[in-house]
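I opened the notebook to look up a few separate points in this structure. I wanted to go through the cysteines, one helix, the enclosed space and some backbone angles in turn.

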Amino acid sequence: RAPDMQIRALSGEPLGVEVLGANLRTATAEDVERMVDAMHRTGRGVLVVRDQHLAPTDCERACAMLAPHFVAQQPYTRWPGQSKPIPGCPHLALLGNYRAREDNEFGMDVVKGEVIGEYKPAKQNLEEWHTDGSFLPNPKVAIALYAPQLDDALPPEGGETRFASCTAAFESLAREEQEKLRGLCSVHSWEKFMRLLESRDPGRQKVTAEQIAEKPPQLWPVVRTHPVTKAESLYINPKNTAAVVDKATGEPIPEEDSRRLVDRLAEAVVGDGLPGNSKVYAHRWKKGDFVIWDNRVLLHAASPFDAQKYQRLLFRMEFKGEPVLGPSTP
């Protein structure tokens, strides 16, 4: 057990716990259990571990320690636009517009000056908010990001990762509306998500009809139950929702009503979505930050930054999916 490890709520924030005095390279199973328990109990699904010094292989090992709490590690099956692999790190990808500072940086097949991460320009709008992998048959349980100990690899302004609680939003709704939402499902579309990314970055490699066919839309309840905490939360995705369906009839509600409902529920989760809003924790990245979040109960969004002036690099790891549990009150 790490004798100096402290776990505390993020001061002045609506969600999140931070861990000080821990070392994920040497953490014990007991240390990890304490962190994850605080993440669920106090952090509403966000855990920030400060001051880490992790090579890509250390990130792999850290996530292997966390994996029993989040189903299992998820190997990357890379689709168009994602980063090249890091040898020996099948569960790790890179995010951002960072350019390699030497040939074969991190052991990758890259040359100096090459953009080595997946760069998705962010926008300051409601559609930026999302939950990862909701278009999959078993949506991802958790996501982890790590900011490596590199100079000038994080923007000094912008570039935050923002989080908001879908559980808190559901709890804030009137009982009558909660009941109505328990009777709805929504269609989550990978194609809609990828076309959005392509529209923002004309140079991004386009997905093919064959790739779209391999990831058909998924139908999920608008209200889901967390398997650990047993709390109900909204399960919506402004970035890829294609339709809302009435469970009782199996029929979609009118497209305009569907869009308005998803937007209204998203606003219940994130407010205006901006840093400083009382519903949002905006994580300002520092070197050595390791952040993991429970993808089942949060919406998250990247914040824009000036990609002409600054570079940004994060290591990204995923955890496998599980079936979505519907509302606890049928």
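**Cysteines.** I began with C63 and found that the cysteine sulfur closest to its own is that of C59, at 6.6 Å, which is too far for a bond. The model is a predicted one, and I read its distances as computed values. I then turned to C185, whose sulfur has its closest cysteine sulfur in C166, 16 Å away, so here too the separation is too far for a bond. Because a disulfide requires the two sulfur atoms to lie within 2.5 Å, I took neither pair any further. By this rule I noted a count of 0 disulfides. I also looked up how covered these two residues are: C63 has a relative accessibility of 1% and counts as buried, and C185, at 10%, counts as buried as well.

**Helix α2.** Since C59 and C63 both appear among the buried residues of helix α2, I wrote down the whole set for residues 56-66, namely P56, D58, C59, E60, A62, C63 and L66. I next asked myself what covers the buried residues of α2. The cover includes the helix α1 (29-41) together with the strands β4 (92-95), β5 (142-146), β13 (290-294) and β15 (314-318).

**Enclosed space.** I searched the whole structure for cavities of 30 Å³ or more and recorded 1. The largest cavity holds about 30 Å³ of space. Which residues line the largest cavity? I listed L154, P155, G158, G159 and E160 from one part of the numbering, and H283, R284, W285 and R312 from further along. Sorting the residues of this lining by character, I got 3 nonpolar, 3 polar and 3 charged.

**Backbone angles.** I then looked up residues that have a positive phi without being glycine, and made notes on two of them, R44 and D152. For R44 the phi is about 50 degrees, and I placed the residue in the loop between α1 and β3 (46-49). R44 is partly exposed, with a relative accessible area of 32%. For D152 the phi is about 55 degrees, and its place is in the loop between β5 and β6 (161-165). Is D152 buried or exposed? I entered D152 as exposed, because its relative accessible area is 65% and the cut-off for that class is over 50%.

Notes. Residues numbered from 1 in each chain as written. Predicted model: local features only at pLDDT ≥ 70, side-chain atom pairs only at ≥ 80, totals over all residues. Heavy atoms only, no water. Buried < 20%, exposed > 50% of the residue type's maximum accessible area, 1.4 Å probe, protein only. Helix = DSSP H or I, 4+ residues; strand = E, 2+ residues; numbered from the N terminus. Contact = heavy atoms within 4.5 Å. 1 Å grid on protein atoms, 1.4 Å probe; cavity = no way out; pocket = protein on both sides within 12 Å on 5 of 7 lines; lining within 4 Å. Points joined across faces, edges and corners; volume = space filled by probe spheres on them. Nonpolar A, V, L, I, M, F, W, Y, C, P; charged D, E, K, R; others polar.
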